[in-house]
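Here is a short, friendly tour for anyone meeting this protein for the first time. Have the picture open and follow along.

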Amino acid sequence: MTDEAPDYFRPEGGAVLTTLLIVRDVDRSREYYQRVLGATCVRERQPCILRFHNSYLVLNTEGGPTDDKPTVNAQAPADSNTLGCAMNIRVTDVRQVHAEWSSRGGEFLTEPKDHGVEIRCYLRDPDGYLIEVGQGTGILAEQDRPAR
């Protein structure tokens, strides 16, 4: 994985896609993503911005409507067993990442499982967001691309 990420504040191509997570405790979530996933903090809060390889995570607290979203309440997941969205992180060696992140305190639901087209496993962040970590295998063969 590369640490090359576009400039968050001035995207060179005119745009950058990020993931916004509404969290209950920004400090706890920032510490988790830095410690377990190795993310780098770009901005501490309001909102917290973390660089993760070639992308960004934006962490912000729960809250009521604002002038630009007058009917929207921002809320962390109420139930970590109901999936509404998930981060999907593609890696070249899922077993190595599983071992590394487990050693940093990441708690995976299972060991990596081989599903033919990919090997994948999942962990949750402190607010219950599901994070899929996957490695393409058979899907690469379908595309005539060698697996690494």
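Let's start with one matched pair of residues: V23 has T61, in β4, as its bridge partner. Keep in mind that this is a predicted model. Zooming out from that pair, β1 and β4 run parallel and are joined by six bridges.

β4 has another partner too. It runs antiparallel to β3, with five bridges between them, and here L50 sits opposite L57 of β4. These two strands make a hairpin with two residues between them, where H53 takes a positive phi near 50°.

Now for a separate piece of the fold. Four strands make an open sheet, ordered β5-β8-β7-β6, and the pairing is mixed. The edges belong to β5 and β6 (113-114), each of which pairs on one side only. β6 runs antiparallel to β7, and two bridges join them; across from K113 you'll find R120 in β7. As a bit of background, strands of a sheet pair through backbone hydrogen bonds, either parallel or antiparallel.

Here are the three strand pairs we've just met, side by side:

| Strand pair | Direction | Bridges |
|---|---|---|
| β1 and β4 | parallel | six bridges |
| β3 and β4 | antiparallel | five bridges |
| β6 and β7 | antiparallel | two bridges |

What about the inside? In soluble globular proteins, nonpolar side chains tend to be buried together. In this model, the largest nonpolar core has 28 residues, and those with the most contacts inside it are Y33, L37, W101, L123, I131 and V133. Both helices and strands chip in: the elements giving two or more residues include α1 (26-35), α2 (94-103), β7 (118-124) and β8 (130-136).

L37 makes a nice stop on the tour. Which residues does L37 touch, leaving aside its neighbours within four places in sequence? They are Y32, F52, I89, W101 and R104.

Y32 brings us to the aromatic rings. The structure holds two aromatic pairs. In one of them, the ring centres of Y32 and Y33 are 5.3 Å apart and the planes sit at 90°, so the pair is edge-to-face. Are these two tyrosines, Y32 and Y33, buried or exposed? Y32 is buried, and Y33 is as well.

Finally, a label from a record. An unreviewed UniProt entry places the feature "domain: VOC" at residues 14-136. Over residues 14-136, the chain is 16% helix and 35% strand, with the end C-alpha atoms 30 Å apart.

Note on methods
Residues numbered from 1 in each chain as written. Predicted model: local features only at pLDDT ≥ 70, side-chain atom pairs only at ≥ 80, totals over all residues. Heavy atoms only, no water. Core = buried A, V, L, I, M, F, W, Y, C linked by side-chain atoms within 4.5 Å. Buried < 20%, exposed > 50% of the residue type's maximum accessible area, 1.4 Å probe, protein only. Contact = heavy atoms within 4.5 Å. UniProt positions renumbered as here; feature names shortened; annotations may be inferred. Phe/Tyr/Trp six-rings, centres within 6.5 Å; stacked < 30°, edge-to-face > 60°. Pairing = 2+ DSSP bridges.
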